[in-house]
Amino acid sequence: INAEYMGELRANKNVSIVEGNVTNSADVLATLDGADSVIVSLGGPLKGPGWDVCSRGQAIINENMQRLDPSKRMVVVTSIGTAEHFAHCSLFAKLFSYFVIHKALQDKAVQEAEVKKMPNWVIVRPAGLADGPPKGKVKAGVDICGWYPVITRADVAAFILDECLDSESKWKFQAVAIEN
């Protein structure tokens, strides 16, 4: 979480903040304990030490969810172009994926395989992330990917809250790509 938002989050009585490291099982357990549902949004450097934090962290999250309550809804944010979704991407998105974020997408593909081992999940594959206010309009589908796909972080958050947490979500057991 960006430091600029921490004060606002700490002031929100509906938010519990647990600081820790996703590669530390005790920290993950403390974070998951008492949660109604779990939203996972991990990212690391494009290369070098820690490039595989998503897959390593997801394995630890799964292990601890199994310990607590594996039936809770888990929504995991990865990226367009991950795994089989690469085939649906535009030429621009494919080139960007291959030359700029190739290792990160490999890690996200392993992470998605870990997620699919759990009994109650949704994978959200946002387009390129942009700052700014929400646009309020999100295109969603398992096979969408525009020429230069982007989405605001605020729209990603709204989509997760509005479309993915409900037990009757149409996206349950699916990897859904989203863009503005």
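Me: Where is Phe 173 found in relation to helix H6 and E7?

Reply: In this predicted model, Phe 173 is found in the loop between helix H6 (153-164) and E7.

Me: What makes Phe 173 count as buried, partly exposed or exposed?

Reply: The relative accessibility of Phe 173 is 43%. Buried requires under 20% and exposed requires over 50%, so Phe 173 counts as partly exposed.

Me: What is noted about phi of Phe 173?

Reply: Phi of Phe 173 is near 65°, which is a positive value in a residue other than glycine. Most residues other than glycine have a negative phi. Ala 83 is also noted for a positive phi, near 50°. Ala 83 lies in the loop between E2 and H4.

Me: How do you know whether Ala 83 is buried, partly exposed or exposed?

Reply: Ala 83 has a relative accessibility of 39%. The partly exposed class lies between the buried limit of 20% and the exposed limit of 50%, and therefore Ala 83 counts as partly exposed.

Me: Why is the contact of Arg 125 with Glu 84 called a salt bridge?

Reply: The closest N and O atoms of Arg 125 and Glu 84 are 3.1 Å apart. A salt bridge needs a side-chain nitrogen of Lys or Arg within 4 Å of a carboxyl oxygen of Asp or Glu, so the pair qualifies. The two residues link distant parts of the chain, 41 residues apart: Arg 125 is in strand E3 (residues 121-126), and Glu 84 is in the loop between strand E2 (74-77) and H4. Side chains of opposite charge can pair when their charged atoms come close.

Me: Which residues are linked with Arg 125 in a network of salt bridges?

Reply: Glu 84 and Glu 112 are linked with Arg 125 in the network. A search of the whole structure finds 8 salt bridges.

Me: What makes Arg 125 buried or exposed, and how is Glu 84 classed?

Reply: Arg 125 has 0% relative accessibility, and buried means under 20%, so Arg 125 counts as buried. Glu 84 has a relative accessible area of 46%. That value falls between the two limits, 20% and 50%, and Glu 84 is therefore partly exposed.

Me: How do you know that Glu 114 and Lys 117 meet in a salt bridge, and how is each classed by accessibility?

Reply: The N to O distance between the side chains of Glu 114 and Lys 117 is 2.9 Å, which satisfies the limit of 4 Å. Glu 114 is buried, because a relative accessible area of 18% is under 20%. Lys 117 is exposed, because 57% is over 50%.

Me: What does the salt bridge of Glu 179 with Lys 139 tie together?

Reply: The closest N and O atoms of Glu 179 and Lys 139 are 3.7 Å apart. Glu 179 lies in strand E7 (residues 175-179) and Lys 139 in strand E5 (residues 139-141), so the pair ties together parts that are 40 residues apart in sequence. Glu 179 counts as buried at 7% relative accessibility, whereas Lys 139 counts as partly exposed at 43%.

Me: Why is H2 called oblique to H3?

Reply: Helix H2 (residues 25-32) and helix H3 (residues 53-68) pack at an angle of about 50°, with their axes 9 Å apart. Angles under 35 degrees count as roughly parallel and those from 65 to 115 as roughly perpendicular; the angle fits neither range, so H2 is oblique to H3. H2 passes H3 in a right-handed crossing.

Me: What makes H3 roughly parallel to H5?

Reply: The axes of H3 and H5 come within 7 Å and cross at roughly 15°. That angle is under 35 degrees, so H3 is roughly parallel to H5. The crossing of H3 and H5 is right-handed.

Me: How do you know that Val 100 qualifies by accessibility for the nonpolar patch on the surface?

Reply: Patch residues need over 30% relative accessible area. Val 100 has 40% relative accessibility and counts as partly exposed, so Val 100 passes that cut-off. The place of Val 100 is in the loop between H4 and helix H5 (102-115). Other members of the patch include Leu 46, Trp 147 and Val 150, and the patch has about 1200 Å² of accessible area together. Helix H4 (residues 91-99) gives the most to the patch, with 6 residues.

Key:
Residues numbered from 1 in each chain as written. Predicted model: local features only at pLDDT ≥ 70, side-chain atom pairs only at ≥ 80, totals over all residues. Heavy atoms only, no water. Patch = residues over 30% accessible without salt bridge, like charges linked within 9 Å, V, L, I, M, F, W, Y side chains within 5 Å. Areas by Shrake-Rupley, 256 points an atom, 1.4 Å probe, with all protein chains shown as cover. Helix = DSSP H or I, 4+ residues; strand = E, 2+ residues; numbered from the N terminus. Buried < 20%, exposed > 50% of the residue type's maximum accessible area, 1.4 Å probe, protein only. Axes fitted to C-alpha atoms, helices over the stretch in contact; angles between N-to-C directions. Parallel < 35°, antiparallel > 145°, perpendicular 65-115°, else oblique. Left-handed = near helix turned anticlockwise from the far one by under 90°.
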